[in-house]
Amino acid sequence: SFKISSSSLSRLVFPSFSRSFRSFMTLDDADAAMPGASSDADASAGGADADQIRTCCAAGSMGRKRRKREERKANKKLQNASSGGKKSGPTPPTPKMTPVPTDMLTTVDEERKRQNEHNKHALTSIEREHVMAVYDTVAEQWHATRYKPWPKVVDFVQTLPPRSLVADVGSGNGKHAAAATKLGHGVVCVDFSASLCAVSAASHGLDNVVGDAAAPPLRRGAFDAALSIAVLHHVATLERRQALVAETMRCLRVGGRALFYAWAREQERSGGTSGHEFGKHADVLVPWHHRTFEHGSKATADEAQRLEVCRAAAPAQHGVVDAEKRAVIYQRYCHVYEAGELDQLFEPIKDWVDVVRVYEDTGNHCVEARRTA
């Protein structure tokens with residue numbers, strides 16, 4: 001595997017995003033990542049030369065065996081903590097999802113009406129509170145339970161030319177980007193959760209940029225491939241979904257390919273393993289039980305008070321304390337896709353993007369696309 005040098009990394013992102021902290025890049029003002037990063041100005045700003053960047057790459061990152069060992073240890077620790085240190089019994093039922101309340105959807109519609117041509121792709125309030133803030137709150141626990149890359153995503157990465165440059169847009173904890181680096185590719189990760197970017201950098205030694213997936217701060221035409229895995233179902237408006245698809249494809253060179261995954265409404269038909277039954281609801285809130293106690297600790301009389309302190313300090317402000325389960329429950333926003341809905345997002349860009357393949361994988365609708373012009 002190889003690692004992109006910091007000087008090369010700065011050429012792959014917009015100049016205003018080039019303040020670097022080792023392998024974790026961030027912004028002085030996080031809000032600057034949201035609007036306007038997809039303007040045509042970067043087309044004449046000098047896109048990164050992929051061949052030159054490859055020559056600046058050097059080997060180095062946490063050893064594969066050590067990383068796997070630490071991931072197994074973290075996952076076992078979380079499982080033991082959840083069961084009080086005892087052997088776990090039958091798998092508990094999946095937490096029940098709920099439809100998004102009407103007032104939340106009304107707020108999103110009102111925000112869309114207020115937006116003009118310059119900020120129509122701006123992050124919505126429901127995404128800020130029920131996606132970004134939730135992941136900023138639960139990043140460490142999320143990482144401990146979501147560390148294995150999906151096999152068919154790895155299959156896609158294996159088809160790429162040797163030493164490809166890959167943009168992982170909406171990279172989360174970096175599990176798929178890490179798999180790509182093991183296969184010898186260079187990867188730049190983009191996610192709007194600063195906490196997940198920090199986890200990705202610390203756990204996998206990956207290069208991360210804090211930014212909105214609908215306006216990724218990446219040079220156009222600089223990448224050989226892109227990933228957008230389990231991101232689109234967290235996007236609240238059609239305009240932002242279309243923008244995410246278009247801007248991800250613009251990062252690619254002509255001939256470059258991208259893979260998109262989004263949660264399917266028809267979980268049973270598409271081989272889903274989530275246990276959710278969405279029925280007629282396309283916009284839902286899916287609960288996450290955030291546990292903050294230490295391994296081996298026992299519940300105390302002031303458990304509710306301890307959880308309330310954790311809840312009050314969290315980036316996400318809508319958490320509900322459940323002292324019996326020793327958790328603060330947060331709600332993640334998801335838009336689940338019907339068959340054919342995901343590939344329809346590519347219609348506005350069909351003049352320069354071809355949909356190569358459409359398939360279903362373990363509860364997700366999937367599209368592989370290629371940039372043609």
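## Close-up views of a predicted model

**View 1. Helix 9, end to end.** Let's start with a ruler check on helix 9, which runs over residues 238–250. At 1.5 Å a residue, its 13 residues should span 18 Å, and the C-alpha atoms at its two ends are 18 Å apart, so the expected span and the model agree. Keep in mind that this is a predicted model. Which residues of helix 9 are buried? The list is Arg240, Arg241, Ala243, Leu244, Val245, Ala246, Glu247, Thr248 and Met249. Notice that charged names such as Arg240 and Glu247 are on that list too. As a reminder about helices, an α-helix has 3.6 residues a turn, so residues three or four places apart point the same way.

**View 2. The largest nonpolar core.** Zoom in on the 37 residues that make up the largest nonpolar core. Inside this core, the residues with the most contacts are Leu218, Phe223, Leu232, Met249 and Phe346. Several elements chip in at least two residues each, including helix 1 (6–12), strand 7 (223–229), strand 8 (252–263) and strand 13 (364–371). Which element gives the largest share? That would be helix 9, with five residues. There is also a second, separate core: it has 24 residues, among them Met132, Leu285, Trp288 and Ala316.

**View 3. Leu232 and its neighbours.** Leu232 is one of the residues with the most contacts inside the largest core. Leaving out residues up to four places away in sequence, what does Leu232 touch? On the helix 9 side there are Arg241, Leu244 and Val245. Leu232 also touches Phe260, Tyr261 and Ala262, as well as Tyr337, Leu342 and Leu345.

**View 4. Three rings in one cluster.** Here Tyr135, Trp142 and Trp288 come together as one aromatic cluster. The structure holds five aromatic pairs. Take Tyr135 and Trp142: their ring centres are 5.1 Å apart and their planes sit at 80 degrees, so this pair is edge-to-face. Trp142 also pairs with Trp288, with 5.1 Å centre to centre and 50 degrees between the planes, and that pair is tilted. Trp142 belongs to helix 5 (residues 125–145) and Trp288 to strand 9 (residues 283–290), so to speak two distant parts of the chain, 146 residues apart, linked by one pair. Are these rings buried or exposed? Tyr135 has a relative accessible area of 7%, which is under 20%, so Tyr135 is buried. Trp142, at 13%, counts as buried as well, and so does Trp288, at 9%.

**View 5. A charge over a ring.** Stay with Trp142 for a moment and look for Arg146. The charged end of Arg146 sits over the ring of Trp142, 4.4 Å from the ring centre.

**View 6. Gly170 in its loop.** Gly170 is found in the loop between strand 4 and helix 7 (175–182). With 16% relative accessibility, Gly170 counts as buried. What does Gly170 touch, not counting residues up to four places away in sequence? The answer is Val190, Asp191, Ala213, Ile229 and Val231. Ser193 lies 23 residues from Gly170 in sequence, and their C-alpha atoms are 8.9 Å apart in space.

**View 7. Stepping back to the whole chain.** The protein chain has eleven helices and 13 strands. Of its 373 residues, 52% are buried. The chain exposes about 17,300 Å², and carbon and sulfur atoms supply 51% of that.

Key:
Residues numbered from 1 in each chain as written. Predicted model: local features only at pLDDT ≥ 70, side-chain atom pairs only at ≥ 80, totals over all residues. Heavy atoms only, no water. Helix = DSSP H or I, 4+ residues; strand = E, 2+ residues; numbered from the N terminus. Expected span 1.5 Å × (residues − 1). Buried < 20%, exposed > 50% of the residue type's maximum accessible area, 1.4 Å probe, protein only. Core = buried A, V, L, I, M, F, W, Y, C linked by side-chain atoms within 4.5 Å. Contact = heavy atoms within 4.5 Å. Phe/Tyr/Trp six-rings, centres within 6.5 Å; stacked < 30°, edge-to-face > 60°. Lys NZ or Arg CZ within 6 Å of the ring centre and 35° of its normal. Areas by Shrake-Rupley, 256 points an atom, 1.4 Å probe, with all protein chains shown as cover.
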